[in-house]
Amino acid sequence: MGSVFESIKRRRSVREFGPRAIENGKLHIILESARLAPSSSNSQTWHFIVVRRPETITGLAEAVPFGPRSVNRWIESAPLIIAACAKPEPILHRMGQIVDKDYHRIDVAIAVEHMVLTATDLGVDSCIVGWFSRRKAKRILKLPASMEVVLLLILGYRREQYQLPARQRRKLKDIVSFESYGTQEGAEEEGHPKDERLQQKPDADR
Ligand SMILES: Cc1cc2nc3c(=O)[nH]c(=O)nc-3n(C[C@H](O)[C@H](O)[C@H](O)COP(=O)(O)O)c2cc1C
């Protein structure tokens, strides 16, 4: 297994998959990485639905909130989807509202990224999908009223000759400040870590 940072650099959103199925052993490790994710007050108010039936995958691919169904049609090529769901815990949810946080959604998003990076490490491609109708997805997955689908994690192996678009990222100096917003003083001292992995240029800059 590689380093987390290697997986972060290697990961890309893939939207065209071949027919190869995800091996059960790999699926288990991917799900285990979600189980080990941090959560607000260790509430773990999540649930992950593994979807492999083609008709359910098609249903989710078509469950757009409005507009043409073709927008997420690429999802149909995937052999597997993990629907990442939340069941908000009422007291924690109310506490979260005091500080303007939807803790249950934040928790699920972190667990999803755990799965994404673990999948990358295992050579499995993925794409996070948020553009779907929660109401339609909920109906398709037969979720109880108290739960919601937060994100869909599309998993598979990219089609041969799949062309990735160039990675576009803002520069570090445009998204990082020191001590207060917009302040760049201190960047020099802190910007040159000794760790050789951090001295490598990210793919986007190569
Ligand atoms: C919360 C979230 C929702 C996303 N929703 C969609 C989506 O509905 N459809 C899609 O094709 N990609 C979706 N993406 C993937 C982003 O478009 C993608 O991460 C971004 O363009 C950067 O490309 P990269 O992942 O290859 O680095 C989503 C990503 C995140 C984090």
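This is a short tour of a predicted model, to be followed with the structure open in your viewer.

**Stop 1: the whole chain**

Start by showing the protein chain as a cartoon, where you will find nine helices and four strands. Following the sequence, these elements appear in the pattern α-α-β-α-β-α-α-β-α-β-α-α-α. The C-alpha atoms fill a box of roughly 55 × 50 × 35 Å along the principal axes. Of the 206 residues in the chain, 25% count as buried. Look too at how the chain folds back on itself: among contacts between residues at least 6 apart in sequence, 78% join residues at least 24 apart.

**Stop 2: two domains**

Now colour residues 4-156 one way and 165-206 another, which shows domain 1 and domain 2. Their centres, taken over C-alpha atoms, are separated by 29 Å.

**Stop 3: the sheet**

Select the strands next. In what order do the four strands lie in the open sheet? The order is β1-β2-β4-β3, with antiparallel pairing. At the edges you will see β1 (46-51) and β3 (125-129), each of which pairs on one side only. Neighbouring strands are turned by 20° against each other on average, ignoring direction.

Zoom in on β2 (residues 80-86) and β4 (residues 148-156), an antiparallel pair joined by seven bridges. Pick I81 and look across to β4, where I154 is its bridge partner.

Then move to β3, which runs antiparallel to β4 and is joined to it by five bridges. Here V129 stands opposite L152 in β4. Is β3 largely enclosed or open? Four of its five residues are buried, so the rest of the structure largely encloses this strand.

**Stop 4: a helix across the sheet**

Add helix α3 (residues 54-62) to your view. Helix α3 lies across β1, β2 and β4, and runs at about 120° to β1.

Show the side chain of L60 as you look at this region. Leaving aside residues up to four places away in sequence, L60 touches V51, I75, I81, F132, A137, I140 and L152.

**Stop 5: the nonpolar core**

In soluble globular proteins, nonpolar side chains tend to be buried together. Which residues have the most contacts inside the largest nonpolar core? They are L60, I81, A84 and L153, in a core of 40 residues. To see where the core draws its residues from, highlight α2 (24-35), β1, α3, β2, α5 (103-121), β3, α6 (134-140) and β4, each of which supplies at least two. You have already met L60 through its contacts and I81 through its bridge to I154.

**Stop 6: two crossing helices**

Keep α2 and α5 on screen and hide the rest. Their axes come within 8 Å and cross at roughly 145°. The crossing is right-handed. To find the place where they meet, select I29, I30, S33 and A34 in α2 together with A111, H114, M115, T118 and A119 in α5.

**Stop 7: an exposed residue**

Finish with E32, which also lies in helix α2. Why does E32 count as exposed? Only 12 or fewer other C-beta atoms within 10 Å are allowed for an exposed residue, and E32 has 12, so E32 is exposed. For one last look, draw a line from the C-alpha atom of E32 to that of I106: these residues are 74 apart along the chain, and the two atoms are separated by 18 Å.

How values were computed
Residues are numbered from 1 along each chain as its sequence is written. This is a predicted model: local features need pLDDT of at least 70, side-chain atom pairs count only at pLDDT 80 or more; totals for chains, interfaces and linings use all residues. Two strands pair if DSSP finds at least two bridges between them. Axes are lines fitted to C-alpha atoms, for helices over the stretch in contact, and angles run from 0 to 180 degrees between N-to-C directions. Two residues are in contact if their C-beta atoms, placed from the backbone, lie within 7 Å. A residue is buried if 20 or more other C-beta atoms lie within 10 Å of its own, exposed if 12 or fewer, and partly exposed in between; C-beta atoms are placed from the backbone. Domain bounds come from an automatic or database domain assignment. A nonpolar core is a set of buried Ala, Val, Leu, Ile, Met, Phe, Trp, Tyr and Cys residues joined through C-beta atoms within 7 Å. A crossing is left-handed if the near helix is turned anticlockwise from the far one by less than a right angle, and right-handed if clockwise.
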